[in-house]
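Work through the following exercises with the sequence and the model open. Each task is followed by a solution in steps.

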2 protein chains.
Amino acid sequence: MKASRFFISTLKEAPADAEIASHKLMMRAGMIKKLGAGIYTYMPLGLRVIRKVEAIVREEMNRAGALELTMPVIQPAELWQETGRFDKMGPELLRIKDRHERDFVVQPTSEEVVTDIARQELRSYKQLPVNFYQIQTKFRDERRPRFGLMRGREFIMKDAYSFDRDQVGAKASYQVMAQAYRRIFDRFGLRYRAVAADSGAIGGDLSEEFQVIAATGEDAIVYCPGSEYAANMEKAEARAPSGPRPAATQALAKTPTPDKSTCEDVAALLGLPLQRTVKSLVLATDEFSAAGEVVKTQVWLLLLRGDHDMNEVKVGKIPGLAGFRFATVAEIDAHFGCKPGYLGPLGLRQPVRLVADREVAVMADWVCGANVADHHFTGVNWGRDLPEPECVADIRNVVAGDASPDGHGVLAIERGIEVGHVFYLGTKYSKAMNATFLAEDGKPQLLEMGCYGIGVSRLPAAAIEQNHDERGIVWPDAIAPFTVVVCAIGLDRSAEVRAAAEKLYGELLATGVDAILDDRGERPGVMFADWELIGVPHRVVISDRGLKDGQLEYQHRRDAAATKVPVGDILAHVRGRIAI
Amino acid sequence: MKASRFFISTLKEAPADAEIASHKLMMRAGMIKKLGAGIYTYMPLGLRVIRKVEAIVREEMNRAGALELTMPVIQPAELWQETGRFDKMGPELLRIKDRHERDFVVQPTSEEVVTDIARQELRSYKQLPVNFYQIQTKFRDERRPRFGLMRGREFIMKDAYSFDRDQVGAKASYQVMAQAYRRIFDRFGLRYRAVAADSGAIGGDLSEEFQVIAATGEDAIVYCPGSEYAANMEKAEARAPSGPRPAATQALAKTPTPDKSTCEDVAALLGLPLQRTVKSLVLATDEFSAAGEVVKTQVWLLLLRGDHDMNEVKVGKIPGLAGFRFATVAEIDAHFGCKPGYLGPLGLRQPVRLVADREVAVMADWVCGANVADHHFTGVNWGRDLPEPECVADIRNVVAGDASPDGHGVLAIERGIEVGHVFYLGTKYSKAMNATFLAEDGKPQLLEMGCYGIGVSRLPAAAIEQNHDERGIVWPDAIAPFTVVVCAIGLDRSAEVRAAAEKLYGELLATGVDAILDDRGERPGVMFADWELIGVPHRVVISDRGLKDGQLEYQHRRDAAATKVPVGDILAHVRGRIAI
């Protein structure tokens with residue numbers, strides 16, 4: 001491509017609504033253009049990146065035996081009603097009525113449609129396994145779209161769906177995808193982690209997120225530097241506390257702690273480490289009648305060490321706590337006779353069900369609220385001051401330094417951006433939609449499914465969050481809009497510069513390198529600023545002076561300075577630096 | 001691709017709602033799957049064809065200097081209100097409200113969005129010309145979707161939009177596209193015609209449709225076998241009648257024609273050629289007040305030769321007749337005092353404005369209704385029985401055998417399916433949206449536009465309408481889902497067959513031929529029927545018997561019988577038959 005025939009439109013300043021680096025830089029580089037909240041045009045430069053991402057995804061999906069199809073963007077509501085998601089999904093699901101007042105949705109994903117295809121087309125076990133995928137426009141009507149392509153409303157997603165005859169097959173299909181995803185993310189040239197994720201009600205460990213590492217990432221991801229262990233915060237576990245609980249050494253005492261309603265404040269006041277305090281969280285669960293009215297409410301007290309945070313996913317898995325909510329002030333008052341900040345497990349007005357985090361269960365001489373305003377107990381001990389906890393469970397988020405569950409050292413935490421997800425679905429959708437096939441014994445059997453997504457339009461944003469500096473984007477070679485830019489300085493004045501630039505440009509193209517020749521005749525400063533902002537990883541500068549010396553300047557976008565390369569070596573030099 | 005790993009799902013019978021060959025065959029071949037009225041999934045086999053069409057379109061658009069971008073499917077209504085199309089387009093435009101009750105549309109096309117981009121991005125004449133295109137999902141909420149992909153609601157279209165500084169530039173951009181379209185349609189390998197089309201209010205001749213020739217086509221296309229002249233029916237003109245009008249030879253006479261209300265019946269009754277009769281069509285035009293009420297109505301009488309049909313586009317261009325409607329029975333009665341079927345220009349109750357077709361203006365001794373039920377006049381002559389016509393115009397559709405307007409023989413008519421359209425827009429959208437650039441003189445000037453569409457998902461349907469037989473589809477090489485199928489007979493029993501099949505398959509792939517190996521182990525009859533239905537153009541059959549004779553069977557989908565080819569020559573033979 002020649003820059004004079006391409007559309008380059010860079011901006012000095014990012015628009016005011018761009019908050020994060022990738023959004024700012026994509027706007028400034030002219031990669032995307034906002035049409036409405038969370039709705040963007042992929043401009044020619046941005047589309048080149050998207051197409052490279054798509055090509056990598058497509059190649060690896062095909063290599064893994066998946067078959068590409070394209071499902072409709074506009075889908076009849078009936079299918080979404082069959083699975084109940086038409087109602088469950090809320091306003092994120094964009095709904096439409098057509099000219100005949102029939103209900104439709106704009107696809108946010110396509111489990112329903114692909115399951116509908118499967119129940120019609122997959123009639124026999126002989127046709128299994130099958131994995132169908134598409135790379136298609138999706139829409140999620142986010143309440144607060146922001147961060148450019150990171151949390152847009154219209155986006156491009158690769159979604160794949162595997163169909164198998166049984167769990168063994170489905171798990172094998174899952175593993176094929178998990179491996180394909182590793183190849184895909186390796187090829188992107190980004191630092192990423194595949195982290196175990198919660199698989200919800202289905203259980204099992206067959207759910208992994210592919211997280212692009214970036215300090216600005218929304219997700220905390222947990223990993224063990226000494227092993228392969230990695231999980232997202234929802235899922236990550238620390239090693240269970242080992243050894244016996246220390247013996248009690250203090251007497252129980254009620255201590256005034258006026259205006260100290262947080263564990264941090266209490267620990268400071270008492271001159272104790274935060275790890276000696278226990279925080280009390282009050283939850284409630286409701287039982288409903290068939291008519292949907294609350295017929296019974298159970299109040300729960302959760303105890304966590306003062307330096308720990310509750311993990312809602314783990315809590316939701318404790319028998320009886322599925323669908324929990326936080327207790328109301330009235331419920332707290334009725335049971336504890338005290339306002340939050342001074343709550344504790346001793347001296348309750350009404351009994352509650354108690355859940356102690358594993359770490360709390362092994363504490364001695366701890367501090368907790370006294371259920372009296374402005375007072376805490378110190379020297380609290382299990383078995384002596386209150387009964388041994390009935391329910392002990394892991395209900396907290398891990399923190400950096402926790403022991404890794406696999407015993408290989410301690411956990412570390414970094415931030416990530418979720419760009420891919422592989423997920424074993426089981427029969428969730430096939431059951432709801434009665435998608436069966438005839439098994440070898442001639443009997444109908446539910447299809448076993450998995451689903452596998454990659455945020456195609458999110459990936460470039462994640463890549464930028466990971467790879468940018470004060471001058472702009474730094475693309476990995478594999479997904480750069482162009483791999484090499486040849487900057488021809490003064491080509492309007494110098495036939496030699498023009499000829500040398502055209503020659504190198506032609507040679508790069510001929511050897512399969514995606515090059516752009518900047519023949520716009522801009523001043524060097526403008527040219528360099530544009531390409532550094534746009535983030536093309538390799539740059540060759542051709543100037544009259546350089547040609548006189550027989551030298552051209554090569555600079556990788558990450559290099560601190562240019563390297564002089566003899567004219568005759570430049571092609572080999574550039575190609576040697578490209579890592580695709 | 002190996003058939004055992006691909007998804008092949010053919011049907012013996014087409015669904016009942018499939019009316020035309022392409023719809024039936026695409027359903028039977030398993031290329032598409034219906035999700036709702038006019039909404040289809042492109043199954044893996046169908047998507048392969050779509051992708052080949054897209055690739056050809058993309059390559060030629062890029063070669064022509066157009067730049068690909070991708071505009072959103074879901075577009076804010078504001079832009080559509082700016083051009084007035086939000087109201088004008090009626091229910092074909094699918095409208096949505098998002099969670100904040102803001103209006104959106106699903107793009108049926110993207111003039112508004114691209115013009116919005118242009119008015120922001122194209123600031124200087126130095127940036128012009130530019131041509132932006134996308135290949136994207138579109139939606140038109142057709143009242144009666146049918147014929148599969150031929151008239152679907154959701155479809156894939158390539159839409160391109162050129163921006164120029166002046167008309168000269170815009171016309172050059174138009175010509176670049178018109179040439180690119182010829183290359184695209186040549187490469188598809190289909191018989192097609194580029195036909196002049198009406199360019200609406202804009203005028204000029206810069207509108208061409210690309211019609212795929214097919215007997216089942218919806219459009220009549222007019223061409224001159226002896227020249228390059230071709231136009232669609234709306235636009236086509238015959239050569240103006242030459243020579244003087246014959247002299248009157250008959251006296252005017254009122255003749256009873258009971259129950260003969262059509263020209264055909266009257267001509268038969270009177271024993272005259274149909275060409276001697278004149279039909280009367282009564283139109284009306286309304287003038288409206290600012291409040292939208294009709295303040296004045298003008299009634300018009302149009303005279304056409306009995307064997308001719310009115311051309312509404314031509315009529316609409318006659319001064320005063322823009323926006324015409326057919327007159328009501330009451331209006332006809334008030335002016336003619338007679339019911340339709342016996343109307344004519346003589347003896348009116350109230351004056352009307354008369355328009356005579358050019359052919360009628362040169363007739364003598366003609367027949368028309370007498371404005372008396374069951375009576376016609378014969379021997380009618382201009383100037384004697386009624387005044388010479390004030391307005392003479394071409395207001396009819398051409399018929400086969402009419403003289404070509406370029407003087408090179410007579411016109412012929414065939415049927416076509418419109419798959420492409422190139423159109424000079426002028427400033428229609430730039431004016432409505434105030435899309436200006438700074439011209440060389442520093443003053444803002446409206447962008448000159450053109451738009452250029454190709455029905456990507458319609459093209460395969462059109463190709464099938466043109467190329468099929470009783471056994472199924474016959475794809476042109478360029479857009480076939482696979483170019484060659486290698487049918488291995490009995491490969492489960494014969495290691496030789498399997499080895500030979502794998503070898504040829506590998507060699508085909510290695511030389512860039514898109515081949516599929518049918519390794520499903522089906523019986524030959526099933527295999528052949530599948531591939532003939534699917535329409536793969538080249539077939540090689542490998543069997544034990546053939547290998548023993550050192551011969552393989554090659555057959556093109558159009559060949560009446562297979563050709564025996566020595567094993568060693570087969571690769572060259574197949575490649576020699578491929579025409580891409």
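**Exercise 1. The end of a helix**

Task: Find which residue takes a positive phi just after helix 14 of chain B, and state which residues of helix 14 are buried.

Solution. Step 1: B:G535, just after helix 14 of chain B, takes a positive phi of about 90 degrees. Helices (H or I, at least four residues) and strands (E, at least two) are DSSP runs, numbered from the N terminus. The model is predicted, so local features need pLDDT of at least 70 and side-chain atom pairs count only at pLDDT 80 or more, while totals for chains, interfaces and linings use all residues. Residues are numbered from 1 along each chain as its sequence is written, chains are lettered from A and ligands numbered from 1 in the order in which they are written, and side-chain values use heavy atoms, with hydrogens and water left out.

Step 2: Helix 14 covers residues 524-534, and its buried residues are B:M527, B:D530, B:W531, B:E532, B:L533 and B:I534. Buried means under 20% relative accessible area, exposed over 50%, and partly exposed in between (1.4 Å probe, protein chains only).

Step 3: These buried residues pack against helix 1 (21-28) and helix 2 (44-63) of chain B, and against strand 26 (472-473), strand 27 (484-488), strand 28 (515-518) and strand 29 (538-542) of chain B. Contact means heavy atoms within 4.5 Å.

**Exercise 2. The nonpolar core**

Task: Name the residues that touch the most other members of the largest nonpolar core.

Solution. Step 1: A nonpolar core is a set of buried Ala, Val, Leu, Ile, Met, Phe, Trp, Tyr and Cys residues joined through side-chain atoms within 4.5 Å.

Step 2: The largest such core has 225 residues, and A:F185, A:W531 and B:W531 touch the most other members.

Step 3: Leaving out residues up to four places away in sequence, A:F185 touches A:L190, A:Y192, A:F210, A:V212, A:V419, A:G420, A:I454 and A:L459.

**Exercise 3. Two loop residues**

Task: Determine whether A:S110 and A:G341 are buried or partly exposed.

Solution. Step 1: A:S110 lies in the loop between strand 6 (103-106) and helix 5 of chain A. With a relative accessible area of 0%, A:S110 is buried.

Step 2: The side chain of A:S110 makes polar contacts with the side chains of A:Q107 (2.5 Å) and A:Q134 (3.5 Å). A polar contact is a pair of N or O atoms within 3.5 Å; within protein, one must be able to donate a hydrogen and the other to accept it, and residues adjacent in sequence count only if both atoms are side-chain atoms.

Step 3: A:G341 is in the loop between helix 9 (329-336) and strand 17 (353-357) of chain A. Its relative accessible area is 24%, so A:G341 is partly exposed. Not counting residues up to four places away in sequence, A:G341 touches A:K260, A:S261 and A:H376.

**Exercise 4. The interface**

Task: Describe the interface of chain A and chain B by its area and its polar links.

Solution. Step 1: In the interface, 56 residues of chain A are in contact with 56 residues of chain B.

Step 2: The two chains bury about 4,600 Å² between them, 61% of it on carbon and sulfur atoms. Buried area is the accessible area (1.4 Å probe) that two parts lose on being put together, summed over both. In chain A, A:F7, A:L35 and A:R99 lose the most area to chain B, together 15% of what that side buries.

Step 3: Six salt bridges cross the interface; a salt bridge is a side-chain nitrogen of Lys or Arg within 4 Å of a carboxyl oxygen of Asp or Glu. One pairs the side chains of A:E68 and B:R51 (2.6 Å, N to O). Helix 5 (residues 111-121) of chain A gives the most to the side of chain A that touches chain B, with five residues.

**Exercise 5. Salt bridges within chain B**

Task: For the salt bridges B:R187 to B:E60 and B:E112 to B:R85, state where the partners lie.

Solution. Step 1: The side chains of B:R187 and B:E60 meet at 2.8 Å, N to O. B:R187 is in helix 6 (residues 167-188) of chain B and B:E60 in helix 2 of chain B, 127 residues apart. B:R187 counts as partly exposed at 30% relative accessibility, and B:E60 as buried at 2%.

Step 2: The closest N and O atoms of B:E112 and B:R85 are 2.8 Å apart. B:E112 lies in helix 5 (residues 111-121) of chain B and B:R85 in helix 4 (residues 85-88) of chain B, 27 residues apart. B:E112 is buried at 0% relative accessibility, and B:R85 is buried at 14%.
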